[in-house]
Amino acid sequence: AEASLRQSQKMEAIGQLTGGIAHDFNNMLTGIIGSLDMMRRRIADNRFDGLERYLETALGSAERAAALTHRLLAFARRQPLEPRALDVAAVIQSVAQLVTHALPESVTLRLAIADDLPHALADSNQLENAVLNLAVNARDAMPDGGELVISASLADPARVAAIDGAGEYLLISVADTGGGMPPEIVERVFEPFFTTKPLGQGTGLGLSMVYGFAQQSGGTVRIDSRPGSGTAIDLYLPTTRTAPVADDQVSAPAHKGAG
Ligand code: ADP
């Protein structure tokens, strides 16, 4: 039950689109396995007529599954975003509410959100998914308990110079006191499908999606992790000084927003 709870939280974090894809993919595998199984039985019975029909079904399913994984990869890398001026504190608070239900008693959650932050220019659903993914990873890194800290502040200009050398950034950091990662793992965590979690517990898509989201938003992600000293994942997002756009105006082009 714990594994399926974790899985369902993970799917929630990845979003409806990926959840739908996993479901469809499973249906296609069922089609392939069913057709191959029918073929095997017929061959065992020396009934070679009509085999082509099963072969065709299996091939068709496999081709659709392949097309689906391409879409999934494209989704992980560059899904369409709706960047808007958003209140990062509100997003973090809503993630915190979700996350507290999923934390064991041995893990404490602390928020450290600076006052008077400018708005971030990003897609709010994507930011919520990203922070949720990072928080779930942090929890998973602390099976023996610890502290999860989600913080938001104005990024130190010296540290963001490498992003594009101009502009102002928000730093959203998700830190844990878990086991940390050796450099050879840190190097690979942004790869789609890279996971060290047991089968059925990790998709390996969380951090690749966080990375894709940051890139698409004109920001970046940095990892500060060492074995034995926990992990901090730092998400840098560009700020905007224009007022947030109301929900009923989302279809209006961004440059015609308030200002
Ligand atoms: P998943 O969580 O499904 O494995 P992710 O892409 O989110 O996929 O993470 C990939 C891998 O990165 C994890 O399997 C884990 O090995 C490592 N990782 C991510 N976050 C942390 C963390 N906070 N502490 C330690 N390892 C982490």
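**View 1. Helix 5 sits largely enclosed by the rest of the structure.** Of its 17 residues, 13 are buried, so the surroundings wrap most of this helix. Buried here means that 20 or more other C-beta atoms lie within 10 Å of a residue's own, while 12 or fewer makes it exposed and anything in between partly exposed, with C-beta atoms placed from the backbone. This is a predicted model, where local features need pLDDT of at least 70 and side-chain atom pairs count only at pLDDT 80 or more, though totals for chains, interfaces and linings use all residues. Residue numbers start from 1 along each chain as its sequence is written. Helix 5 covers residues 124-140 and reaches 24 Å from its first C-alpha to its last, close to the 24 Å expected; that expected span is 1.5 Å times one less than the number of residues. Helices (H or I, at least four residues) and strands (E, at least two) are DSSP runs, numbered from the N terminus.

**View 2. Here is the largest nonpolar core, with its 44 residues.** A nonpolar core is a set of buried Ala, Val, Leu, Ile, Met, Phe, Trp, Tyr and Cys residues joined through C-beta atoms within 7 Å. V131, A135, L170, V210 and L235 have the most contacts inside this core. Elements giving two or more residues to the core include helix 4 (88-100), strand 5 (169-176) and helix 8, but helix 5 gives the most, with eight. Look at V210: leaving out residues up to four places away in sequence, V210 touches A130, N133, L134, V221 and L235. Contact means C-beta atoms, placed from the backbone, within 7 Å.

**View 3. Now for the shell of 21 residues around the ligand.** A residue is near the ligand if its C-beta atom, placed from the backbone, lies within 6 Å of it. A141, T195, G202, G206 and L207 come nearest. Helix 5 and helix 8 (206-216) each give two or more residues to this shell. By type, the shell splits into eight nonpolar, 11 polar and two charged residues. Asp, Glu, Lys and Arg count as charged; Ala, Val, Leu, Ile, Met, Phe, Trp, Tyr, Cys and Pro as nonpolar; and the others, Gly among them, as polar.

**View 4. A120 has partners in strand 1 and strand 7.** Strand 1 and strand 3 run antiparallel, joined by three bridges, and L86 stands opposite A120 of strand 3. Strand 3 also runs antiparallel to strand 7, with two bridges between them; there, T239 is the bridge partner of A120. Strands pair if DSSP finds at least two bridges between them.

How values were computed
Two residues are in contact if their C-beta atoms, placed from the backbone, lie within 7 Å.
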